[in-house]
Amino acid sequence: MQEVFVHHDLTVVGLHKSTLEQAGIACFIRNENTSASLGAGFLGLVQSPIFNPVLCIVDDDRYDEAMALLGKGKIPPPLLRTDWQCPKCGEIVPGNFGTCWNCSSALPDSL
């Protein structure tokens, strides 16, 4: 058994698990239920990283193959854009919005 991926979000770990399963690599998620049952931030408590979901493969001989598959499927970091001013109505729009929340104008290509 080898650990191949750790993340605080179980859905991200599950996504990588499905990638390995499609390639026929036997795997499981350790701490799959522990992280959810403890609830990050439950009652103001900070969740410890030791309870994060961990994706593990069963066959150690397939470790390099699994890592190669997971490397190809890396989730890119979110595109960080600064807030922008709508050219149509003048509203300040958060950078993660592709359209103006006020008038629905599209984000200009120049930004």
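Let's start with one pair of side chains: Glu65 and Arg62 form a salt bridge, and their closest N and O atoms sit 2.9 Å apart. Keep in mind as you look around that this is a predicted model. Why does such a pair count as a salt bridge? Because the rule asks for a side-chain nitrogen of Lys or Arg within 4 Å of a carboxyl oxygen of Asp or Glu. The general idea is simple: side chains of opposite charge can pair when their charged atoms come close. Now check how open the two partners are. Glu65 has a relative accessibility of 36%, so it counts as partly exposed, and Arg62, at 22%, counts as partly exposed too.

How many salt bridges does the rule give? The count comes to three. Another one joins Glu21 and Lys17, with 2.6 Å from N to O. These two residues are four apart in helix H1, which covers residues 10–22, so about one helical turn separates them. Glu21 is partly exposed, with a relative accessible area of 42%.

Next, find Arg30 and Glu3. They also form a salt bridge, with the closest N and O atoms 2.5 Å apart. This pair links distant parts of the chain: Arg30 belongs to strand S2 (residues 27–30) and Glu3 to strand S1, and the two are 27 residues apart. Arg30 has a relative accessible area of 30%, so we call it partly exposed. Glu3, at 39%, is partly exposed as well.

Stay around the start of the chain for a moment. Met1 lies in the segment before strand S1, which spans residues 2–6. Which residues form a nonpolar patch on the surface with Met1? They are Phe28 and Val58, and together the three have about 270 Å² of accessible area. Met1 itself is partly exposed, with a relative accessible area of 49%; the cut-off for exposed is over 50%, so Met1 stays in the middle class.

Now zoom out to the whole protein. You can trace three helices and five strands, and from the N terminus on they run β-α-β-α-β-α-β-β. Of the 111 residues, 23% are buried. The accessible surface comes to about 7,600 Å², and carbon and sulfur atoms own 57% of that. Finally, take the contacts between residues at least 6 apart in sequence: 50% of them join residues at least 24 apart. The Arg30 and Glu3 pair, 27 residues apart, gave you an example of a link between distant parts of the chain.

Methods
Residues are numbered from 1 along each chain as its sequence is written. This is a predicted model: local features need pLDDT of at least 70, side-chain atom pairs count only at pLDDT 80 or more; totals for chains, interfaces and linings use all residues. Side-chain values use heavy atoms; hydrogens and water are left out. Patches are made of residues with over 30% relative accessible area and no salt bridge: like charges are joined within 9 Å, nonpolar side chains (Val, Leu, Ile, Met, Phe, Trp, Tyr) within 5 Å. Accessible areas come from the Shrake-Rupley method with a 1.4 Å probe; for residues, only the protein chains shown count as cover. Buried means under 20% relative accessible area, exposed over 50%, partly exposed in between (1.4 Å probe, protein chains only). Contact means heavy atoms within 4.5 Å.
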